[in-house]
Amino acid sequence: MALIETEHITKTYRLGDIALNALNNVSITIGKGEFIAIMGPSGSGKSTFMNILGCLDKPSEGKYILEGIDVAKMGRDELAAIRNKEIGFVFQGFNLLPRTSALENVELPMLYAGVSAKERKSRASEALARVGLAGREGHHPNQLSGGQQQRVAVARALVNNAPIIMADEPTGNLDTKTSEEIMDLFVQLNEESSITIILVTHEKDIAEYSRRRILFRDGIVVGDEVSGRS
Amino acid sequence: MIDIPSIVSISFRALRVNKMRSALTMLGIIIGVGAVIAMLAVGTAASKKISEFISSIGSNILMVLPGATSSGGVRMGAGTQSTLTLNDADAVQRECPAVSEVAPVLGGVAQLVYGSLNWSTGITGTTPSMFTAREWTISSGRLFTDQEVRSAGKVCLLGQTVVDNLFGALDPVGQVIRIKNVPFTVVGVLEAKGQDPGGHDQDDVVYVPVTTAQKKLFGTSFPGMIRMMYVQARSLEDMNAAERQITDLLKQRHHIGSQQENDFSVRNLTQILQASEQSAKMMTILLGAIASVSLLVGGIGIMNIMLVSVTERTREIGIRMAIGAKTWDIRLQFIIEALILSLIGGIAGVVTGVGTAKLLSMLAGWDTVVSPLSVLLAFGFSGIVGIFFGFYPAYKASLLDPIDALRYE
């Protein structure tokens with residue numbers, strides 16, 4: 001069974017009298033354990049598509065079936081529960097809570113999952129160790145480098161054992177060397193724990209880490225190629 | 001499901017980030033709660049004082065006073081005419097069914113002497129009914145008896161102030177004091193009653209049998225004359241009936257026609273005092289209501305700050321939503337923040353209010369009574385204010401769109 005299936009997804013924004021199709025009839029199937037790069041120039045609709053896949057937004061039309069359930073019709077709280085349990089997010093700007101330790105940032109998804117305080121702590125330190133940040137539990141985001149902050153974000157995405165990680169330009173704010181380290185981390189998670197990775201990027205060399213590239217232009221899919229990792 | 005202790009600690013952290021702002025927001029609540037408690041303390045003390053006086057007077061009391069004399073058109077005021085007699089008092093007791101006790105009063109000021117000490121005070125001649133009607137008990141010794149009234153016995157009861165001035169720490173019961181050079185045996189000491197609302201010391205008194213007062217102390221211009229009588233009605237409902245029965249009886253006894261002016265007047269003391277008690281209570285409510293307005297303003301301050309806080313932390317809200325915070329997770333976080341502000345403000349306000357009340361009674365000399373109810377009321381109200389004014393900002397936060405919130409700079 002496919003992990004993600006979209007059927008004829010359309011997203012329309014209304015600007016006054018003009019209807020703008022950010023997405024037009026997008027149908028895509030993603031299997032479990034895939035490593036996908038969604039590419040395209042800005043305004044191509046790749047971020048809109050990502051937001052819908054991440055259950056942060058709803059399609060205007062069409063079906064989005066996640067693990068066999070149509071989530072397009074779900075309410076706010078049901079979508080929040082799905083984001084909490086099924087999807088881990090990694091953003092370009094890290095999006096960690098300021099003035100909050102790395103450990104507490106990683107604990108956050110479990111807080112909303114109703115995990116006990118004790119279990120939250122142990123699982124959060126485990127996740128931090130997994131991304132190579134053992135010993136930095138007490139550091140606040142402003143005491144960590146960009147690469148370390150992004151690792152905290154990855155740990156936060158992992159900690160609820162979500163089968164999918166969605167990363168929106170995860171290396172956009174990082175230098176080349178750090179970008180490579182983060183991408184290697186994603187590859188490692190994909191290969192060792194068969195976590196499905198969906199990556200939005202406009203950088204070719206970042207997309208090279210994926211095994212399948214979906215190319216957007218003007219709200220439609222113009223390319224879908226599978227290739228080995230370089 | 002929702003982990004309240006964790007949310008509380010998150011809220012505390014958020015409030016600590018803006019210490020000054022949190023403190024100023026609390027100040028609104030502190031002033032509000034403090035004002036409510038202090039105002040209620042002042043108001044409660046006033047009405048308590050009046051109710052205490054009412055109970056010191058006794059319940060359901062009517063006063064019957066002689067009428068005013070008029071001499072050549074100059075009217076001299078109530079009580080100047082000598083028209084009431086002991087026989088009138090006996091008649092009222094006997095013939096008015098709505099009346100339970102009648103205490104005639106005849107008094108004056110005289111010098112008391114005990115050993116080398118002397119003291120000037122008001123001497124009141126009356127009957128034991130006085131003490132029944134005014135619910136006045138003795139702290140030592142006994143009351144004088146009806147027998148002693150009939151025989152004009154030379155016995156007296158002292159108020160606590162008189163005892164303090166003439167005897168100090170000695171037991172006065174059984175001692176002999178001289179009033180206008182007449183020896184009187186002290187048979188009892190009355191329970192202390194304190195001051196009346198006019199500041200008059202109710203314990204600076206001496207009571208003697210009314211007959212003794214007439215014959216030995218204050219010789220009257222015609223026999224049996226008394227200055228006034230205290231009448232106690234059987235119940236509050238009987239007050240009006242008693243007033244009517246006394247008026248009818250005395251009119252008949254004094255041969256006053258329907259067209260003539262009465263040579264006495266009946267005053268309903270309880271009614272007058274209850275009216276002033278009522279107005280003191282109204283005053284308390286009014287003061288409390290005015291103070292509540294400041295509490296309300298404090299609440300609006302909380303709402304204002306929480307709205308600012310929601311806007312400032314839009315991105316944080318977006319992050320929380322993206323990783324799975326539900327509507328009520330977000331709402332609770334902000335409601336709890338508002339609640340912490342108002343409850344801490346409430347506690348500080350209780351302290352401030354009690355302190356202000358103490359300060360008022362110390363510096364301005366006002367009586368204040370901080371009732372536990374007013375503390376509970378103000379504190380509870382501050383909590384309600386927190387939830388009420390915290391809800392709208394929390395509601396607004398929970399309706400944010402996660403995508404927009406994440407993009408917010």
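The second largest cavity of this predicted model has a volume of about 30 Å³. Its walls are formed by Ile52(A), Cys55(A), Asp57(A), Lys58(A), Pro59(A), Tyr64(A), Val71(A), Ala72(A) and Leu79(A). Sorted by class, this lining has 7 nonpolar residues, 2 charged residues and no polar ones. In total, 2 cavities of 30 Å³ or more are found in the structure.

The largest cavity holds about 80 Å³ of space. Residues from both chains line the largest cavity: Arg83(A), Asn84(A), Ile87(A), Gly88(A), Phe89(A), Pro109(A), Arg156(A), Ala157(A), Val159(A), Asn160(A) and Ala162(A), together with Ile323(B). Two or more of these residues come from each of α2 (76-86), β6 and α5 of chain A. Of these elements, β6(A) gives the largest share, 3 residues. The class count for the lining of the largest cavity is 7 nonpolar, 3 polar and 2 charged residues.

Helix α5(A), which contributes to that lining, is worth a closer look. The helix covers residues 146-158 of chain A and so has 13 residues. From its first C-alpha to its last, α5(A) reaches 18 Å, close to the 18 Å expected at 1.5 Å a residue. The helix is mostly covered, with 12 of its 13 residues buried. Among the buried residues are Arg156(A) and Ala157(A), two residues that also line the largest cavity. Others in the buried set include Gly147(A), Gln148(A), Arg151(A), Val152(A) and Leu158(A). The cover over these buried residues includes, from chain A, β6 (87-90), α3 (102-111), α4 (117-130), β7 (164-168) and α6 (176-193). Chain B takes part in this cover as well, through α10 (314-322).

Elsewhere in chain A, an open sheet of 4 strands is found, in the order β2-β1-β4-β5 and with antiparallel pairing. Its edges are β2 (18-30) and β5 (69-70), each of which pairs on one side only. Within the sheet, strand β1 (residues 4-15) and strand β4 (residues 61-66) run antiparallel and are joined by 5 bridges. One pairing across these strands matches Thr10(A) with Glu61(A) of β4(A).

Attention now turns to the pockets. The largest pocket contains about 690 Å³ of space and is lined by 36 residues. Nearest its centre lie Thr100(A), Ile10(B), Arg13(B), Glu316(B) and Arg320(B). Both chains supply elements that give two or more residues to this lining: α3 and α4 come from chain A, while α1 (4-17), α2 (19-57), α9 (269-312), α10 and α11 (327-364) come from chain B. With 7 residues, α1(B) provides the largest share. The lining of the largest pocket has 13 nonpolar, 10 polar and 13 charged residues. Two helices of chain A named here, α3 and α4, also belong to the cover of α5(A), as does α10 of chain B.

The second largest pocket has a volume of about 510 Å³. Its lining is made up of 22 residues, and those nearest its centre are Arg134(B), His200(B), Val205(B), Tyr207(B) and Tyr230(B). The elements giving two or more residues to this lining are α2, β5 (117-126), β10 (205-209), β11 (228-233) and α9 of chain B. Strand β5(B) supplies the largest share, 3 residues. By class, the lining of the second largest pocket has 13 nonpolar, 4 polar and 5 charged residues.

Key:
Residues are numbered from 1 along each chain as its sequence is written. Chains are lettered from A and ligands numbered from 1 in the order in which they are written. This is a predicted model: local features need pLDDT of at least 70, side-chain atom pairs count only at pLDDT 80 or more; totals for chains, interfaces and linings use all residues. Side-chain values use heavy atoms; hydrogens and water are left out. The expected span of a helix is 1.5 Å times one less than its number of residues. Buried means under 20% relative accessible area, exposed over 50%, partly exposed in between (1.4 Å probe, protein chains only). Contact means heavy atoms within 4.5 Å. Two strands pair if DSSP finds at least two bridges between them. On a 1 Å grid over the protein atoms alone, a cavity is a set of points where a 1.4 Å probe fits but cannot get out, and a pocket is an open set with protein on both sides within 12 Å along at least five of seven lines; lining residues have an atom within 4 Å of a point. Grid points are joined across faces, edges and corners, and a volume is the space filled by probe spheres set on the points. Ala, Val, Leu, Ile, Met, Phe, Trp, Tyr, Cys and Pro count as nonpolar, Asp, Glu, Lys and Arg as charged, and the others, Gly among them, as polar.
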